[in-house]
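Hi,

Here is the structure I said I would pass on. Have a look at it first, and then read my notes underneath.

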Amino acid sequence: MAQVVHVKNIGLRGIPVADTKISFIDGEKGVLIYRGYRIEDLAENSSFMEVAYLLLYGSLPKKSELHQFDSTVTPERDLPFHAVQAMKAFPTHAHPMDVLQACVPMLAMADPDLRGEDRDSHVRMAIRLIAKLPVLVATWGRIRNDQPVLEPDPEFSHSQNFLYLLHGKPPSDEMARALDVCLVLHADHTFNASTFACREVVSTRAHMYAGVAAGIGALSGSLHGGANTEVMKMLLELRGEEDVEGWVKKRLDQGDRIMGMGHAVYKTMDPRAKFLREMGARLAEETGQKEIYELSLAVEKAALSEFERRGKTEIKPNVDFYSAPVYYMMGVPLDLMTPIFAMSRIAGWCAHIIEEKFAEAQEKPALYRPKAEYVGEYCGLMGCTYNPPDERQ
Ligand code: ACO
């Protein structure tokens with residue numbers, strides 16, 4: 001074997017692996033675009049239903065199309081009986097991301113389009129997943145606390161319905177709108193780790209639910225979607241801390257990361273974080289929870305100045321840094337923060353899965369099959385000598 005050259009551990013950073021028409025990021029300028037539209041414009045003016053339509057169909061819906069889409073999604077909120085029964089048998093300490101990942105194949109088992117090989121069947125599966133994921137999350141939130149399972153209310157919007165199912169009472173209009181904007185902001189983000197996982201799985205011609213289950217697994221990690229829960233744990237640990245600057249410095253000196261900061265693509269502030277920081281200010285005012293919000297501002301300030309001192313000026317808050325206090329102010333338990341991310345990203349995952357499976361011939365990606373550099377034991381192409389166990393040194 002030629003001399004071993006270790007592959008630089010860059011995690012495929014900057015290496016294009018497919019074409020996509022779904023979203024675009026300019027990491028230097030802090031720009032995120034879904035199907036041509038700036039994220040700020042969508043967050044300000046749109047709704048999650050409209051954005052889900054945009055991601056799936058490629059253009060913004062006309063009023064009648066949006067109405068039609070909404071009335072197709074809403075009746076799909078019900079869960080299969082076997083999924084609810086299975087959740088009742090799960091240990092109550094099960095992490096909601098594990099529950100979500102386990103339940104997605106149970107949705108597959110009930111989907112009449114599972115074996116469909118055309119785009120329309122996939123759009124119908126996507127609609128079911130978009131409708132059912134929030135219900136799965138909220139239903140697990142109730143089952144584990146021994147609370148009665150509630151039926152989705154077709155009179156409520158997508159975001160209203162989730163907060164109603166979770167808390168057992170209808171949310172205020174402001175709260176429902178705030179959640180809806182969070183869902184808009186998290187709906188897609190090009191080839192992030194979880195989206196790539198979805199696309200990689202379906203590139204084998206596995207079905208949509210298999211891809212989504214993989215995406216949920218990838219999202220759960222603390223370097224990806226799991227970071228929002230870690231941010232909140234960090235903020236709660238810091239409550240009452242007088243010396244936030246000292247805490248940040250100590251953490252960095254120990255080689256620990258400040259969760260919710262830094263990004264593989266953004267080298268400036270994540271545009272979603274800017275939006276969430278402003279939303280946090282409004283929610284802090286409305287809910288009277290200024291302490292936690294002000295603490296997050298103090299951590300941001302201390303961390304940015306410490307990163308600057310260390311010559312790491314590119315590390316800035318990402319989407320998880322402010323989504324964590326925002327969800328906390330909405331009364332969301334810490335371990336349901338990442339599942340909320342999944343409830344939104346499902347729209348992007350499904351759009352990517354459809355693109356992966358049905359792109360035009362010249363754009364169609366191949367089965368993903370990267371190469372690894374073998375750096376293990378090697379005794380030539382004949383292989384090492386196999387000795388029976390009792391003859392081994
Ligand atoms: N706190 C402290 N140091 C950091 C942080 C951070 N949050 N992020 C990066 N660094 C440092 C690393 O320690 C490393 O330092 P070194 O060169 O001295 O060893 C350097 O910056 C580069 O770090 P990488 O992990 O190689 O760089 P990358 O920019 O690709 O990392 C990542 C991106 C993994 C998101 C990182 O910033 C991180 O771990 N952040 C905290 C977790 C987090 O918030 N994840 C959510 C990301 S957004 C999302 O997935 C939805």
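Below is what turned up in the way of cavities, pockets and aromatic pairs. Keep in mind that this is a predicted model.

**Cavities**

Let's start inside. There are two cavities of 30 Å³ or more. The largest holds about 40 Å³ of space. Its lining is made up of Met 87, Pro 96, Val 99, Leu 100, Cys 103, Leu 136, Val 137, Trp 140 and Pro 339. By class, that gives nine nonpolar residues, with no polar and no charged ones. Helix 5 (96–109) and helix 6 (119–143) each put at least two residues into this lining, and helix 5 gives the most, with four.

The second largest cavity comes to about 30 Å³. Around it you will find Arg 77, Ala 131, Pro 134, Val 135, His 158, Asn 161, Phe 162 and Leu 165. The mix here is five nonpolar, two polar and one charged. Helix 6 turns up again, as it and helix 7 (158–167) each supply at least two lining residues. The largest share, four residues, is from helix 7.

**Pockets**

Now for the open spaces. The largest pocket has a volume of about 1,700 Å³. It is lined by 48 residues, and the ones closest to its centre are Arg 13, Leu 223, His 263, Ala 264 and Val 265. Strand 1 (23–26), helix 9 (193–202), helix 15 (319–329) and helix 16 (337–358) are the elements that give two or more residues to this lining. Both domains take part: domain 1 (23–224 + 334–363) and domain 2 (227–329) each contribute at least three residues. Sorted by class, the lining has 24 nonpolar, 14 polar and ten charged residues.

The second largest pocket has a volume of about 380 Å³. Of its 17 lining residues, Glu 117, Val 202, Arg 205, Ala 206 and Lys 357 are the closest to the centre. Helix 16 gives the most here, with three residues. The class split is seven nonpolar, four polar and six charged.

**Aromatic pairs**

Last, the rings. The count comes to nine aromatic pairs. One of them is Phe 90 with Trp 140: the ring centres are 6.2 Å apart and the planes sit at 65 degrees, over the 60-degree cut-off, so this pair is edge-to-face. Phe 90 is in the loop between helix 4 (81–89) and helix 5, while Trp 140 is in helix 6, so the pair ties together parts that are 50 residues apart in sequence. You have met Trp 140 already, in the lining of the largest cavity. Trp 140 counts as buried, at 1% relative accessibility, whereas Phe 90 is partly exposed, with a relative accessible area of 21%.

Another pair is Phe 191 with Phe 196. Their ring centres are also 6.2 Å apart, but the planes are at 35 degrees, so the pair is tilted. Phe 191 is partly exposed, with a relative accessible area of 24%, and Phe 196 counts as partly exposed at 22%.

Finally, Tyr 53, Tyr 57 and Phe 69 are linked by ring pairs into a cluster.

If you want one place to begin, try Trp 140, which lines the largest cavity and pairs with Phe 90.

Cheers

Technical notes
Residues are numbered from 1 along each chain as its sequence is written. This is a predicted model: local features need pLDDT of at least 70, side-chain atom pairs count only at pLDDT 80 or more; totals for chains, interfaces and linings use all residues. Side-chain values use heavy atoms; hydrogens and water are left out. On a 1 Å grid over the protein atoms alone, a cavity is a set of points where a 1.4 Å probe fits but cannot get out, and a pocket is an open set with protein on both sides within 12 Å along at least five of seven lines; lining residues have an atom within 4 Å of a point. Grid points are joined across faces, edges and corners, and a volume is the space filled by probe spheres set on the points. Ala, Val, Leu, Ile, Met, Phe, Trp, Tyr, Cys and Pro count as nonpolar, Asp, Glu, Lys and Arg as charged, and the others, Gly among them, as polar. Domain bounds come from an automatic or database domain assignment. Rings of Phe, Tyr and Trp (its six-membered ring) pair if their centres lie within 6.5 Å; planes under 30 degrees apart count as stacked, over 60 as edge-to-face and the rest as tilted. Buried means under 20% relative accessible area, exposed over 50%, partly exposed in between (1.4 Å probe, protein chains only).
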